[in-house]
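Subject: Structure handover

Hello,

Here is the structure I promised to pass on. Please open it next to this email and follow along.

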Amino acid sequence: MLVSKNRDTSSLLRSEKKSLLRFLALYTALVILLITLLSLFYYQSQEKLMFSNQRAELSKYAYIQTKRLKVLHYFFPERTTYPRDPRFKSAIYDIEHKKIFSLLEDGNVHFNEEIYLSNHHVHFVKLLDTYYLGTKYLIIEVKEDTAWRSEALKRIVGYGMLAFIFFMMFGLVLARLFLKPMRDSIMLLDRFIKDTTHELNTPLSTILTNIEMMDTEVMAEKNKKKLNRINIAAKTVSHLYRDLTYLTLEQEKNYNDEEIELQGLIRNRIEYFAAMAQTKHLHFDLDLDNVIIHADKQKVTRVIDNLISNAIKYNKRGGKIGIRLRIGKLEIWDTGVGINEEKIPFIFDRYMRFNQSEGGFGVGLSIVKKILDEYHITIEVHSKVQEGTRMVLSW
């Protein structure tokens, strides 16, 4: 699985960002729904207002047409010319909704509605008490004046955009309040790590120096084993200390890029971790070519140390650690516990840990990702639970 680049692992964790995005997505959906409902309500109110204005005029037209039908019915029974008017069109239907005569452009008549809009025409349905020419329903039709709709839509879009911007600004304020406790916790943890790092420096240096000065030739075998365990523990703390130092003091240091012979550096770091690997009876499978890269040696060392340390830490007893180096590619694999596939995208988040049985603050891989991004090196993570993990660096 290819892990995305250019993530700022020093700010929010990806899982927290995901929660925030879900909140904003839900909030945005609710805002859009609210604005849509208000817009629909406003549109319907404007339509009712238009009908109200049209009703008076259409009632007048219906009265005029009714008089014409009455005259035609009583005084000119022999005539068959239906009365017409340039201001409107009309139709007459009997009590059973059968058409007697129609001039309507839209013949879809809603007999159960007094006034309605259909196909850009306003229809007014009037029930006649006297059946002139057998007519029970008189339909008056005029073309819709679309000015009201254009004005309504213009207001809906204008005020809707203003309301959306207002609610989104309000949502961002809520999001900041939502994030504040989490940001405060991360800042508190950063300060704690920085203070702890300063306190570790002197005693750790003393322990490592004294271990190196001890003469193991005159020691009893059981004391050698005890010293070896102390050495392993000290190196474990030393590795963690260097990670914390890089994490908290990286902005205060000056780094210099240089030509680095990777094969020698990797062998040197394997020798450094040999005692730790020996405690779990791990075997290194090396396939290293001569490769030179241009980078800062301390940063590259941090990357290699963290990847080898994790391969040791999360491996099974009697397992293997493989390292394959080629031009433009470095692979480090192990036969360890593996990682669930759905958790792989989060392994480079700071303070993220997936195995609580092992120590650490969960900062090692976040440092690895930050350094690799700085040198435009991609990293792929392939892992299966109980089968192992493979890290592939490409440049």
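Where is the place of Leu 30? Leu 30 sits in helix 1, which covers residues 14-75. Keep that helix on screen, as we will return to it.

One caution before the rest: this is a predicted model.

**The overall picture**

The protein chain has seven helices and 12 strands. It counts 395 residues, and 42% of them are buried. Now take the contacts with a separation of 6 or more. Residues 24 or more positions apart account for 69% of these. The chain exposes about 23100 Å². Carbon and sulfur atoms supply 57% of that area.

**Helix 1 and its surface**

Back to Leu 30. Together with Leu 26, Leu 33 and Leu 37, Leu 30 forms a nonpolar patch on the surface. The four residues add up to about 400 Å² of accessible area.

**Aromatic pairs**

How many aromatic pairs does a search of the whole structure find? It finds nine. Two of them are described here.

Start with Tyr 61 and Phe 88. Their ring centres are 4.9 Å apart and their planes meet at 25°, so this pair is stacked. Planes under 30 degrees apart count as stacked. The pair links distant parts of the chain, 27 residues apart. Tyr 61 belongs to helix 1, while Phe 88 lies in the loop between helix 1 and strand 1. Both Tyr 61 and Phe 88 are buried.

Next, Tyr 93 and Phe 111. Their ring centres are 5.2 Å apart and their planes are at 80°, so this pair is edge-to-face. That label applies to planes over 60 degrees apart. Tyr 93 is in strand 1, and Phe 111 is in the loop between strand 2 and strand 3. They are 18 residues apart, and this pair too links distant parts of the chain. Tyr 93 has a relative accessible area of 6%, so it is buried. Tyr 93 and Phe 111 also join Tyr 137 in one aromatic cluster.

**A histidine in strand 4**

Find His 123 in strand 4, residues 121-127. Is His 123 buried or exposed? His 123 is buried, because its relative accessible area is 0%. Its side chain reaches the backbone oxygen of His 121 at 3.4 Å. Leave aside residues up to four places away in sequence, and His 123 still touches several others, including Leu 104, Asp 106, Tyr 116 and Ile 139.

**Helix 4**

Helix 4 runs over residues 262-272. Among its buried residues are Leu 262, Leu 265, Ile 266 and Tyr 272. Which residue caps the N-terminal end of helix 4? Glu 261 does. One of its side-chain oxygens lies 3.0 Å from the backbone nitrogen of Gln 263.

**Salt bridges**

The structure holds 15 salt bridges. Look at Asp 289 and Arg 326. They form a salt bridge, with the closest N and O atoms 3.4 Å apart. Asp 289 is in the loop between strand 7 and strand 8, and Arg 326 is in strand 9. The two are 37 residues apart, so the pair links distant parts of the chain. Asp 289 is partly exposed at 31% relative accessibility. Arg 326 is partly exposed at 22%.

Glu 331 and Arg 324 form another salt bridge, at 3.7 Å between the closest N and O atoms. Glu 331 is buried, with a relative accessible area of 11%. Arg 324 is partly exposed, at 34%.

These four residues are linked with Asp 287 and Arg 390 in a network of salt bridges.

**Helix 7**

Why is helix 7 described as largely enclosed by the rest of the structure? Because nine of its 11 residues are buried. Gly 364, Leu 365 and Ile 371 are among them. Asp 373 and Lys 369 are both buried too. Their side chains meet in a salt bridge, 2.7 Å from N to O. The two are four residues apart in helix 7, so about one helical turn separates them. Just after this helix, His 376 takes a positive phi of about 60°.

Over to you.

Best wishes

Technical notes:
Residues are numbered from 1 along each chain as its sequence is written. This is a predicted model: local features need pLDDT of at least 70, side-chain atom pairs count only at pLDDT 80 or more; totals for chains, interfaces and linings use all residues. Side-chain values use heavy atoms; hydrogens and water are left out. Buried means under 20% relative accessible area, exposed over 50%, partly exposed in between (1.4 Å probe, protein chains only). A polar contact is a pair of N or O atoms within 3.5 Å; within protein, one must be able to donate a hydrogen and the other to accept it, and residues adjacent in sequence count only if both atoms are side-chain atoms. Contact means heavy atoms within 4.5 Å. Patches are made of residues with over 30% relative accessible area and no salt bridge: like charges are joined within 9 Å, nonpolar side chains (Val, Leu, Ile, Met, Phe, Trp, Tyr) within 5 Å. Accessible areas come from the Shrake-Rupley method with a 1.4 Å probe; for residues, only the protein chains shown count as cover. Rings of Phe, Tyr and Trp (its six-membered ring) pair if their centres lie within 6.5 Å; planes under 30 degrees apart count as stacked, over 60 as edge-to-face and the rest as tilted.
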